[in-house]
Amino acid sequence: MAVPGATIAAAPFEVEKSTQLELSVVLPTFKERANVAEMIARLDAALKDCRWEAIFVDDNSPDGTADAVKAIARHDGRVRCIRRVGRRGLAGACIEGILSSSAPFVAVMDADLQHDETLLPGMLDVLQEGEADLVVGSRYIGGGSAASLGDSRGFISQFATTIARTVLGISLSDPMSGFFMMRRDRFDPLAGRLQPVGFKILLDIVTTAGGSLRIRELPFVFRTRHGGESKFDSQVGLEYLGLLLTKSTGGLVDPRFIFFMLVGTTGLAVHLATLKIALYFVLAFPVAQTIATLVAMTSNFLLNNGLTYRDRRLRGLAMFKGFAGFCAIGAVGAVTNVGLASWLYHERPIWWVAGAAGAVMGALWNYAMSSLFVWRAR
Ligand code: GDD
Ligand code: MN
């Protein structure tokens with residue numbers, strides 16, 4: 001058996017072969033308290049012949065999922081819990097879980113028992129035989145099934161799969177699968193280039209690796225959820241489109257910027273609508289324009305806070321401070337915009353070139369400064 005990384009001297013002392021770790025199973029969780037104990041029991045039953053650990057990566061679930069894991073971990077050294085605070089995201093949780101592993105092989109699976117843990121030994125065999133670098137649990141090859149998704153989710157899943165295959169040229173049958181196992185040494189070099197938002201960790205890994213991974217697919221039947229409920233929502237869908245955009249432009253377009261611009265566009269609509277209403281109530285134009293500006297700024301801020309920077313969302317007092325910063329940045333952005341446009345117009349009086357250049361400059365400024373100072377990465 002080939003153990004990746006085995007050539008590196010592990011420790012200056014002999015280690016009992018029977019204590020060497022073979023597999024880390026990374027389980028992202030958000031509000032999965034009801035599934036934790038059953039999940040571990042099933043791993044225990046399925047992985048009798050290998051030395052494994054389970055790494056739960058919990059985003060500070062309000063239902064106390066982390067406590068439930070730690071209560072078990074106290075008695076079972078195979079179980080660990082990473083509790084992340086102030087962050088949300090399935091993909092990011094998986095990335096951190098994998099990075100915390102020292103095992104030669106890592107698996108990622110959902111913690112709600114929808115993924116078939118009895119497939120794990122077979123996946124591990126394929127990797128240990130050196131037949132592949134990545135093994136994917138697929139619902140869309142013979143022997144697999146996604147019937148439990150139901151009609152509408154099933155349609156969305158099929159649709160997203162088709163886009164991935166056509167836009168990104170992925171040949172995988174189930175790039176949306178959240179169930180896979182890979183050599184850790186193949187993951188490590190990719191980690192810095194993966195996106196922590198959204199659900200699509202596997203798709204991201206495969207496209208970022210750019211064809212350098214040998215991939216095998218094994219079928220499994222996607223089960224229905226054990227306890228709790230799904231966290232899939234329209235935001236997850238939007239994040240997926242963002243990932244497609246970044247990947248299909250070779251990382252040129254940052255989806256956050258697209259969201260920021262879209263929010264800016266809605267801001268214009270909000271501004272004009274408010275202006276019209278204010279004028280209808282026969283307010284003086286400067287007053288109406290001021291009100292419209294304030295309303296649009298507020299709506300832009302709230303939308304960016306809930307959507308563009310969802311993973312860094314500000315709450316409570318921080319939100320008020322953030323709003324003040326956002327307005328200040330916007331004011332400077334407006335001055336920059338007008339300054340640049342006026343200068344350009346003076347040099348070459350083509351109104352729309354000067355106007356657009358100023359607007360783009362202002363938008364870039366607002367985006368860059370907001371990312372740095374209002375919604376900074378923690
Ligand atoms: N840490 C963390 N943070 N975990 C999360 C988050 C998050 O923000 N969101 C979801 N999870 C965890 C859930 O607790 C669960 O263990 C797993 O990720 C999958 O989330 P579900 O909410 O159960 O997703 P789903 O069943 O709707 O979607 C599944 O099927 C899709 C394909 O149809 C997932 O496997 C997806 O990855 C897959 O694409
Ligand atoms: Mn699920």
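Is Thr246 buried or exposed? Keep that one in mind while you load the model, which is a predicted one, and let's walk through it together.

**The whole chain**

Start with everything shown as cartoon. The protein chain has 12 helices and 7 strands. Aligned along the principal axes, its C-alpha atoms fill a box of roughly 80 × 50 × 45 Å. If you colour by accessibility, 44% of the 378 residues count as buried. A contact map is worth a look too: of the contacts with a separation of 6 or more, 77% join residues 24 or more positions apart.

**Stop 1: Thr246**

Now select Thr246, which you will find in helix α8, residues 234-248. Thr246 is buried, because its relative accessibility is 8%, and the cut-off for that label is under 20%. Show its surroundings as sticks. Setting aside neighbours within four places in sequence, Thr246 is in contact with Gln195, Gly251, Leu252, Val253 and Pro255.

**Stop 2: the manganese ion**

Next, select ligand 2, the manganese ion, and display the side chains around it. Which residues coordinate the manganese ion? They are Asp112, through OD, and Gln114, through OE1, at 2.0 Å. Asp112 has a relative accessible area of 3% and is therefore buried. Gln114 is buried as well, with a relative accessible area of 13%.

Stay here and click on Leu113. This residue belongs to the loop between β4 (105-108) and α4 (120-128). Leu113 counts as buried, at 3% relative accessibility. Check its backbone torsions: phi of Leu113 is near 70 degrees, a positive value in a residue other than glycine. Why pause over that? Because most residues other than glycine have a negative phi.

**Stop 3: Asn60**

There is another positive phi to visit. Select Asn60, in the loop between β2 (52-58) and α2 (65-73). Asn60 is not a glycine, yet its phi is positive at about 55 degrees. Is this residue buried or partly exposed? Asn60 is partly exposed, since its relative accessible area is 32%.

**Stop 4: Glu217**

Move on to strand β7, residues 215-219, and pick out Glu217. With 22% relative accessibility, Glu217 counts as partly exposed, as the buried class takes in values under 20%. Leaving out neighbours within four places in sequence, the contacts of Glu217 are Val136, Ser138, Ile141, Leu172, Ser173 and Asp174. To get a feel for distance, draw a line from the C-alpha of Glu217 to that of Trp375: the two are 39 Å apart in space and 158 residues apart in sequence.

**Stop 5: helices α10 and α11**

Hide the rest and keep α10 (residues 285-308) and α11 (residues 316-347). Their axes come within 10 Å and cross at roughly 120 degrees. That angle makes α10 oblique to α11. The crossing is right-handed. By type, the residues of this contact divide into 7 nonpolar, 5 polar and no charged.

To see the contact itself, turn on side chains. On the α10 side, select Met297, Thr298, Asn300, Phe301, Leu302, Asn304 and Asn305. Facing them from α11 are Met319, Gly322, Phe323, Phe326 and Cys327.

**Stop 6: helices α11 and α12**

Keep α11 and bring in α12 (351-374). How are α11 and α12 oriented to each other? Their axes are 8 Å apart and the packing angle is about 155 degrees. The two helices are therefore roughly antiparallel. Here again α11 passes its partner, α12, in a right-handed crossing. The contact residues of this pair divide into 16 nonpolar, 10 polar and no charged.

**Last stop: Ile350**

Finish at the loop between α11 and α12, where Ile350 is found. Ile350 counts as partly exposed, because its relative accessibility is 33%. For a closing distance, pair Ile350 with Ala324: the sequence separation is 26 residues, and the C-alpha atoms are 35 Å apart.

Methods
Residues are numbered from 1 along each chain as its sequence is written. Chains are lettered from A and ligands numbered from 1 in the order in which they are written. Side-chain values use heavy atoms; hydrogens and water are left out. Axes are lines fitted to C-alpha atoms, for helices over the stretch in contact, and angles run from 0 to 180 degrees between N-to-C directions. Helices (H or I, at least four residues) and strands (E, at least two) are DSSP runs, numbered from the N terminus. Angles under 35 degrees count as roughly parallel, over 145 as roughly antiparallel, 65 to 115 as roughly perpendicular and the rest as oblique. A crossing is left-handed if the near helix is turned anticlockwise from the far one by less than a right angle, and right-handed if clockwise. Contact means heavy atoms within 4.5 Å. Ala, Val, Leu, Ile, Met, Phe, Trp, Tyr, Cys and Pro count as nonpolar, Asp, Glu, Lys and Arg as charged, and the others, Gly among them, as polar. Buried means under 20% relative accessible area, exposed over 50%, partly exposed in between (1.4 Å probe, protein chains only). Donors are N, O and S atoms within 2.8 Å of the metal (3.2 Å for Na, K and Ca); water is not among the atoms, so sites may look incomplete.
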